[in-house]
Amino acid sequence: MQYGKKELMDVLNIGIQLSKEKDRNHLLNMIVNTSMKFTNCDAATLYLYENDTLTFKLMKINSQNINKGEQGEPIYMPAVPLREENICAYSAIHRQILNIEDVWKNDMFDFSGPKTYDKLTGYDTKSMLVVPMSDYEGRLIGVLQLINAQDDMGTVINFEKEVEPIILTLASQVAIILVNLSYLEEIKTQMWSFTEALAETVDARTPYNGSHIRKVAQYVELIADYINRLHEQGKEEEYFDQQRKEQLVMGALLHDIGKIVIPLKIMNKAKRLDGKEEVLYKRLELIEAYYEIDYLKGNLSSEGITRKKEQLKEIRELLEVVNGAGFITEELQKRLQDVLLLEYEGEKGKIPYFTEEEKECLSIQKGTFTKEERKIMESHVVMTERILSKVHFNSYYADSPTWAITHHELLDGTGYPRGLKADQLKLESRIMAVADICDALLASDRPYKKPLSKEKAFEIMENMAKEGKLDAKLVGYMKKCI
């Protein structure tokens, strides 16, 4: 075979294709298939250098329809030790390309392995080209072994000398790409370990947030996978490749990192009064005592003292309900409005039943936070942005911080911290919002509320979608995923 301009262009095109490949397993398959096609050989074995041995990674024999390791599955064959009697080991040790015309007539190497295989299977191993795979610093990456070159008629022939530098060049290029992929994997591992450490730090601060971060990460991944399934069915334009999906999941794991600076007193606030109950109840007891004194002095009738005591009992019962309620109904609000204005008036002067701070706490309609406490709690998103701005995210994870800091933004602009609207929020931000709210509604470890049923949670989310706050399509996807 003559190697002219066309063949040179083929090599260059193959090199370009190899350089673009980012999947390690696909890359290994490409070098084997390309080398076999370029040399027109029948079989090939690819070894990678691991733990001072050569480990089988790919084995392909066209004439016997054998293709092992193609999907990355392990090949259960003993690794080849680095001893010079093994031809692939010799090539690896000396970084030397070896071209054998006939293994049955060669006594330089121990070919007992292929000869035994031939006797068992009827295969006829003859010509062999063994090529070391080294990176730019000469470090051994592996060995490519090609077997039985063929002519156009399918007759086994020798591997031509002219093809040796071509295969060596391709093998070296793959070796360098594999090293670069290994570096990338190391960087990714570092990023994920850093992310996991931060998520663990936040979750460990309080039992009331222990699973939230990981649940949100789980939910965004479920939605991304569901979108991909719909895309494959032609029902969804969007698609999450590996990088896009990893960025989204990492953003979810980082979305609450700002809570690391939120005071635990606020993070763990289980009830509206949150520790103020004792002082309040003592005051009510004191006021009841004043009424009794007024009665004994004749300033209050027996009906009056009875009515006051019943009223104070009802107030205490009302406080028990309101203090721990997740949501204050209109009926409770109306009763509260009247109660919070009460005050004792007698010889001691006027004594309000409630302080202004207690009134504010008890008037909270939803949750347990006052306006100031909610402002502090919501600042965790701004703090998340500040923290993540100090971290260098490489190009692979460049969008993760954006998805992390937009998880409380709503489509109608009523979210925070920036009040972004629909046209400013990409799919990932919308997914984050749905996943975050979904877990907030379903969570069983929140101090201020009981978990909702799936039906009730999605009823609330669907209403939010109707109000223009959440992406209705994504709410539907989430409902189908869990």
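I'll take you through one pocket and one helix pair in this structure. Keep in mind that the model is predicted.

Start with the pocket. This is the second largest one, and it holds about 720 Å³ of space. Its lining is made up of 32 residues. Look for Y47, F56, M77, G113 and P114, which are the closest to the pocket's centre.

Which elements give two or more residues to that lining? On the strand side, they are β1 (41-50), β2 (53-61), β3 (66-68), β4 (80-81) and β7 (140-150). The helices are α3 (87-94) and α4 (112-121). Of these, α4 gives the most, with five residues.

Now the character of the lining. We have 20 nonpolar residues, six polar and six charged.

Next, the helix pair. Go to α10, residues 302-324, and α11, residues 330-339. Their axes are 11 Å apart. The packing angle is about 130°. How do we class that? Angles over 145 degrees count as roughly antiparallel, and 65 to 115 as roughly perpendicular. The pair falls in neither range, so α10 and α11 are oblique to each other. As for handedness, α10 passes α11 in a left-handed crossing.

What meets what in this pair? From α10, we have I315, L318, V321 and V322. Facing them from α11 are L332, R335, L336 and V339. By class, that contact has seven nonpolar residues, one charged and no polar. The charged one is R335 in α11, since Arg counts as charged.

That's the pocket and the pair.

Conventions
Residues numbered from 1 in each chain as written. Predicted model: local features only at pLDDT ≥ 70, side-chain atom pairs only at ≥ 80, totals over all residues. Heavy atoms only, no water. 1 Å grid on protein atoms, 1.4 Å probe; cavity = no way out; pocket = protein on both sides within 12 Å on 5 of 7 lines; lining within 4 Å. Points joined across faces, edges and corners; volume = space filled by probe spheres on them. Helix = DSSP H or I, 4+ residues; strand = E, 2+ residues; numbered from the N terminus. Axes fitted to C-alpha atoms, helices over the stretch in contact; angles between N-to-C directions. Parallel < 35°, antiparallel > 145°, perpendicular 65-115°, else oblique. Left-handed = near helix turned anticlockwise from the far one by under 90°. Contact = heavy atoms within 4.5 Å.
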